[in-house]
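Q: Please take a close look at the enclosed space inside this protein, and then follow the surrounding elements outward to the strands, cores and pockets.

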Amino acid sequence: MHLSLTLLLPLIPMLAAANMREVSFYCPVPVEKPPVIDGILDDPCWKKAAPYTATYEYFKPNPGPGKLKNTIRIVYDAQGLYLGIINYEDNVKALRKNVTDRDNPRLWTDDCAEIYFDPEAGGIGWRKFVVNAIGTVGDVLRVDGSVMRNDWNGIGWQVRTRINQDSWSMECFFPWEDLGKTAKPGDIWMFCHVRYAWTSGKFIGTTSSPGGNYSASGNFGYLCFLKAGQNADPETIAARLAPRLASPWCIGIGDQMIFNQGSGVQRASLADLIHAEKKRFSENMDAGKIPDSLMQDYRNLMEEYRDLMKNGRASVQFCRSLNGLAGRAEVFRWKTLLENEFNQ
């Protein structure tokens, strides 16, 4: 497969990034010495694993940034896969941790994490492992869209949790037998981390993959297993994932966006994309005299823009949010022109 590295700036305003499927991915790396499963995440192997920190609003088809922050790391060896997660929390004293019995269907009503693995990367079947903040667990096997085995239990997986000053952390080991397949370098799996929190007094959920949840497994992210010493470069990741994805889609890799709008895989600088969307927003908001009937719309758009600039960082998620805002500014401009030119 040929990956064009041409910077296609003329296409930037036409990216329609807000309507693209943003695809998440992570590259587990092999390790010689696995972590001790104690919930502390201080083992040397975790330093070899890049952190995954993106979160998205839960159960939304076109989600914005998630309100809960997490750090995910994954490594593997001949025995299985190891997962370390830090779930950041400002109010650990308010963590809900009532469920203490395995496979309790109300486990999701505690502060907890759901981990989904789809080794076949088909977006249909999965194995779900649930852990609350005090280490109570549950597991479910979905064979396909018709068969859900709530009676299934993984027999070898281990987990330990720890409540810290500003987070609760979890360290897991999943033997290949419990995952249904042994991963090798070059393999592609699907994966999703969902977190539920109740410390604010109401439910808040986030997901690691945009749109990914128990009923939308086709929106899970991907695990691209690397071999020792291999880097997660854009060309390698795009070449592996592109044949599996229906356009339009986009992936953020470092400071680049890889995307396909239906005419082949292309690549552009995130900084250039973001600069172009900022410019588009500013130009459309500078539409001359603002009619009184549109002044509140103007204020709302400017407030959203300031909030986005204050809280955002260079990412595909940020670019998509900015793209959507710039599109609304474009509509505002035309409304302003119509008011000024034709409704006087």
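A: In this predicted model, a search of the whole structure finds one cavity of 30 Å³ or more. The space in this largest cavity amounts to about 70 Å³. Its lining consists of Ser24, Phe25, Tyr26, Tyr52, Ile72, Phe191, Ser208, Ser209, Gly221, Tyr222 and Leu223. By residue class, seven of these are nonpolar and four polar, with no charged residue. Strand E2 and strand E15 (221–224) each supply at least two lining residues, and the largest share, three residues, comes from E15.

Leu223, one of the residues lining the cavity, also belongs to the largest nonpolar core. That core has 76 residues, and Leu223 is among those with the most contacts inside it, together with Leu81, Leu83, Phe117, Phe174 and Leu241. Strand E13 (residues 188–197) gives the largest share of this core, seven residues. Beyond its neighbours within four places in sequence, Leu223 is in contact with Tyr26, Pro28, Ile74, Leu81, Phe117, Asp187, Ile188, Trp189 and Phe191. Of these contacts, Tyr26 and Phe191 are also found in the cavity lining. A second, separate core of 24 residues includes Met257, Tyr305, Leu322 and Ala329.

Ile72, another lining residue of the cavity, leads to strand E5 (70–76). Six of the seven residues of E5 are buried, so the strand is largely enclosed by the rest of the structure. On one side, E5 is joined to strand E3 (residues 29–30) by two bridges, and these strands run parallel; Val29 has Val75 as its bridge partner in E5. E5 also pairs with strand E6 (residues 80–88), here in the antiparallel sense and over seven bridges. Within that pairing, Val75 is partnered by Tyr82 of E6, while Tyr76 is partnered by Leu81. E5 and E6 form a hairpin, with three residues between them.

These strands belong to an open sheet of five, in the order E3-E5-E6-E12-E11, with mixed pairing. E3 and strand E11 (158–163) stand at the edges with a single partner strand each, so one side of each is left without a neighbour in the sheet.

The open spaces can be described in similar terms. The largest pocket holds about 1000 Å³ of space. It is lined by 36 residues, of which Tyr52, Thr53, Ala54, Arg313 and Ser315 are the closest to its centre. Tyr52 thus appears in the lining of both this pocket and the cavity. Two or more lining residues of the pocket come from each of strand E2 (25–26), strand E5, strand E16 (249–253), helix H5 (295–311) and helix H6 (316–342). H6 gives the largest share, four residues. The lining divides into 18 nonpolar, 13 polar and five charged residues.

The second largest pocket holds about 430 Å³ of space. Its 19 lining residues include Pro105, Glu114, Lys128, Val130 and Val140, which lie nearest its centre. Strand E7 (112–118), strand E8 (126–132) and strand E9 (137–142) each supply at least two residues of this lining. Its composition is 12 nonpolar, three polar and four charged residues.

How values were computed: Residues are numbered from 1 along each chain as its sequence is written. This is a predicted model: local features need pLDDT of at least 70, side-chain atom pairs count only at pLDDT 80 or more; totals for chains, interfaces and linings use all residues. Side-chain values use heavy atoms; hydrogens and water are left out. On a 1 Å grid over the protein atoms alone, a cavity is a set of points where a 1.4 Å probe fits but cannot get out, and a pocket is an open set with protein on both sides within 12 Å along at least five of seven lines; lining residues have an atom within 4 Å of a point. Grid points are joined across faces, edges and corners, and a volume is the space filled by probe spheres set on the points. Ala, Val, Leu, Ile, Met, Phe, Trp, Tyr, Cys and Pro count as nonpolar, Asp, Glu, Lys and Arg as charged, and the others, Gly among them, as polar. A nonpolar core is a set of buried Ala, Val, Leu, Ile, Met, Phe, Trp, Tyr and Cys residues joined through side-chain atoms within 4.5 Å. Buried means under 20% relative accessible area, exposed over 50%, partly exposed in between (1.4 Å probe, protein chains only). Contact means heavy atoms within 4.5 Å. Two strands pair if DSSP finds at least two bridges between them.
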